[in-house]
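This report walks through one chain and its ligand. It covers packing, the ligand shell and the backbone outliers.

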Amino acid sequence: MAGWLRALKKTRNIIGKVFSSKVNIEEMEVEEIEEILLRSDVPARLTMNIVDELEFPSRKASRRERLTDMLLKELGEAKTFEWPDGGKPHVIMLLGVNGSGKTTTAAKLAKKAIGLGIKPMLCGSDTFRAAGSSQLKLWSEKVGCDFTGGEMGHDAAGVAFNAVESAIEKQCGIVLVDTAGRMHTKTPLMDELPKMCRSMNKRLSGAPHDVWMVLDASLGQNAIIQARQFNEVVPLTGIIVTKLDGSSKAGFLFSVRSELNVPILFTGLGEGEDDLVPFDANEFVNALFDENGEE
Ligand SMILES: Nc1nc2c(ncn2[C@@H]2O[C@H](COP(=O)(O)OP(=O)(O)OP(=O)(O)O)[C@@H](O)[C@H]2O)c(=O)[nH]1
Ligand SMILES: [Mg+2]
C-alpha cells in the first residue's frame with residue numbers, strides 16, 4: 001500500500017481533492033467534482049454518470065461510498081497473470097510507443113520470474129537503435145539471466161526467433177521479448193509486429209503466448225488511443241501501466257476496460273527493478289482517495 005500511496009501522489013493531488021479533509025465531498029458542488037475528475041483524465045462518460053449519481057442525495061450511502069463503488073465497478077473484475085510452471089517456454093512480447101518503459105519492464109518481469117524460480121530469457125529485439133539491445137543486455141547482467149539480442153539493423157523477427165530457440169535449448173520457463181518503441185501511426189514499423197509473431201510461432205507453436213502493451217501513465221487518455229491502434233495490429237492480452245508514480249492523469253485507467261477490454265496486469269510505480277506490482281483495483285482506488293497519503 002505504501003508504494004501505491006507514494007506513486008499516486010500527483011493524481012491524488014488533483015482527484016484526492018474530492019476527499020481531502022479540508023473539502024467535504026458530501027457538500028461539494030457537483031460541477032466541481034466533475035471538473036476534478038475530468039482533469040485527472042477520468043473518462044467523460046463515466047464522469048457524467050458519476051455526476052448524475054451524486055447529484056441527488058441517497059439515504060443508503062454517502063457520496064464517497066457511491067463514488068468509490070462506481071470507480072471499482074468501472075475497473076471490472078481483476079485478472080492476474082498466472083506465471084508458467086514448467087514445460088515449454090511461455091513467450092511474452094512487450095510493445096508500445098517510444099519511451100513507454102518496455103525495456104525496464106522486461107527487466108522487472110525477469111527479476112520477478114527469478115524470484116519465483118522461473119528461468120527467464122530476455123530478448124532484445126530493438127534493432128532500430130545502436131543502444132536498443134545493449135540496454136537490455138545490461139539489465140540481464142544486473143538481474144542475472146540469459147539474454148539473446150540483435151545488432152542494430154538486424155531483422156527483429158529473426159532475433160525473436162533465435163531467442164525462442166535459445167530459450168527452448170536452455171530450458172527457460174519464460175521469454176520476455178522487448179521490442180523497439182514505435183509510433184502507432186507509422187505503418188511500416190507497426191507491420192513488423194505481426195511479422196515477429198509469425199516468426200516466433202514458426203519455432204514454437206502458440207508463441208507469443210501473450211502480447212502486453214506497455215502504456216506510459218503520464219500520457220493519460222492518449223495512451224488509450226495508442227493502445228487501440230496496437231490492438232488492431234496484434235491483439236493484446238494484457239496492459240502494463242508504467243510511471244504511475246509521475247502521472248497526474250491516472251484517471252485514464254478507468255477507460256481501459258470499456259475502451260479496450262484488455263486486463264491491466266501490472267503497474268510500474270518507479271524506476272527500480274522491484275517497482276513493478278500486480279495491478280490491484282482496490283489499492284488503486286483507495287490510494288487515490290487516501291487522505292493520509294504523502295503530500
Ligand atoms: N518513474 C518511473 N519511470 C519509469 C517507469 N518505468 C520506466 N521508467 C523510466 O522511463 C524511461 C524509459 O524507459 P525504457 O524502459 O527505456 O522505455 P522503452 O519503452 O524501452 O523506450 P524505447 O525503447 O526508447 O521505446 C527510463 O528512464 C525508465 O527508468 C516507472 O514505472 N516509473
Ligand atoms: Mg527500450
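The buried residues of helix 11 are covered from several directions in this predicted model. The cover includes four helices: helix 4 (44-55), helix 5 (63-75), helix 10 (221-233) and helix 12 (281-288). Strand 6 (238-242) and strand 7 (264-268) are also part of the cover. Helix 11 itself spans residues 253-260. Its buried residues are Leu 253, Phe 254, Ser 255 and Val 256. Just after the helix comes Asn 261, with a positive phi of about 55°.

Helix 10 shows one such link to helix 11 in detail. Gln 221 sits in helix 10. Gln 221 touches Ser 255, and also Asp 41 and Phe 252, leaving aside residues up to four places away in sequence. Gln 221 and Ser 255 are 34 residues apart along the chain, yet their C-alpha atoms are separated by 7.9 Å. Is Gln 221 buried, exposed or partly exposed? It has 15 other C-beta atoms within 10 Å, so Gln 221 is partly exposed.

Val 30 offers a parallel case. Val 30 belongs to helix 3 (residues 30-39). Because Val 30 has 15 C-beta neighbours inside 10 Å, it counts as partly exposed. Its contacts beyond four places in sequence are Val 51, Leu 54 and Glu 55. Val 30 and Asp 52 lie 22 residues apart in sequence, with 8.8 Å between their C-alpha atoms.

**Chain totals**

The chain has 12 helices and eight strands. Of its 295 residues, 46% are buried. Among contacts with a separation of 6 or more, 75% join residues 24 or more positions apart.

**Ligand shell**

Which residues come nearest to ligand 1? Of the 19 residues around the ligand, they are Gly 101, Thr 103, Thr 104, Gly 181 and Gly 268. Helix 6 (residues 102-115) gives the largest share of the shell, three residues. By class, the shell holds 12 polar, six charged and one nonpolar residue.

**Two helix pairs**

Helix 6 also packs on helix 7 (residues 132-143). Their axes are 10 Å apart, and the angle is about 20°. An angle under 35 degrees counts as roughly parallel, so helix 6 is roughly parallel to helix 7. The crossing of helix 6 and helix 7 is right-handed. On the helix 6 side, the contact uses Thr 103, Ala 106, Ala 107, Ala 110, Lys 111 and Ile 114. Helix 7 answers with Gln 135, Leu 136, Trp 139 and Val 143. These contact residues divide into seven nonpolar, two polar and one charged. Thr 103 thus appears in this contact, and it is also one of the residues nearest to ligand 1.

The other pair is helix 8 (residues 156-169) and helix 9 (residues 187-203). Their axes come within 8 Å and cross at roughly 30°. Helix 8 and helix 9 are therefore roughly parallel to each other. Their crossing is right-handed. Helix 8 contributes Ala 156, Ala 157, Gly 158, Ala 160, Phe 161, Val 164 and Glu 165. Helix 9 contributes Glu 192, Lys 195, Met 196, Ser 199, Met 200, Lys 202 and Arg 203. By class, the contact has seven nonpolar, two polar and five charged residues.

**Backbone outliers**

Most residues other than glycine have a negative phi, and most peptide bonds are trans. The table lists residues with a positive phi.

| Residue | Phi | Place |
|---|---|---|
| Asn 261 | about 55° | just after helix 11 |
| Gln 171 | near 55° | loop between helix 8 and strand 4 (174-178) |
| Lys 243 | about 60° | loop between strand 6 and helix 11 |

Are Gln 171 and Lys 243 buried or exposed? Gln 171 is exposed, because 12 other C-beta atoms lie within 10 Å. Lys 243 has 23 other C-beta atoms within 10 Å, so Lys 243 is buried. The cut-offs are 12 or fewer for exposed and 20 or more for buried.

Where is the cis peptide bond? It joins Ala 207 and Pro 208, with omega about -5°. Pro 208 lies in the loop between helix 9 and strand 5 (210-216).

Terms used:
Residues numbered from 1 in each chain as written. Chains lettered and ligands numbered in written order. Predicted model: local features only at pLDDT ≥ 70, side-chain atom pairs only at ≥ 80, totals over all residues. Contact = placed C-beta atoms within 7 Å. Near = placed C-beta within 6 Å. Nonpolar A, V, L, I, M, F, W, Y, C, P; charged D, E, K, R; others polar. Axes fitted to C-alpha atoms, helices over the stretch in contact; angles between N-to-C directions. Parallel < 35°, antiparallel > 145°, perpendicular 65-115°, else oblique. Left-handed = near helix turned anticlockwise from the far one by under 90°.
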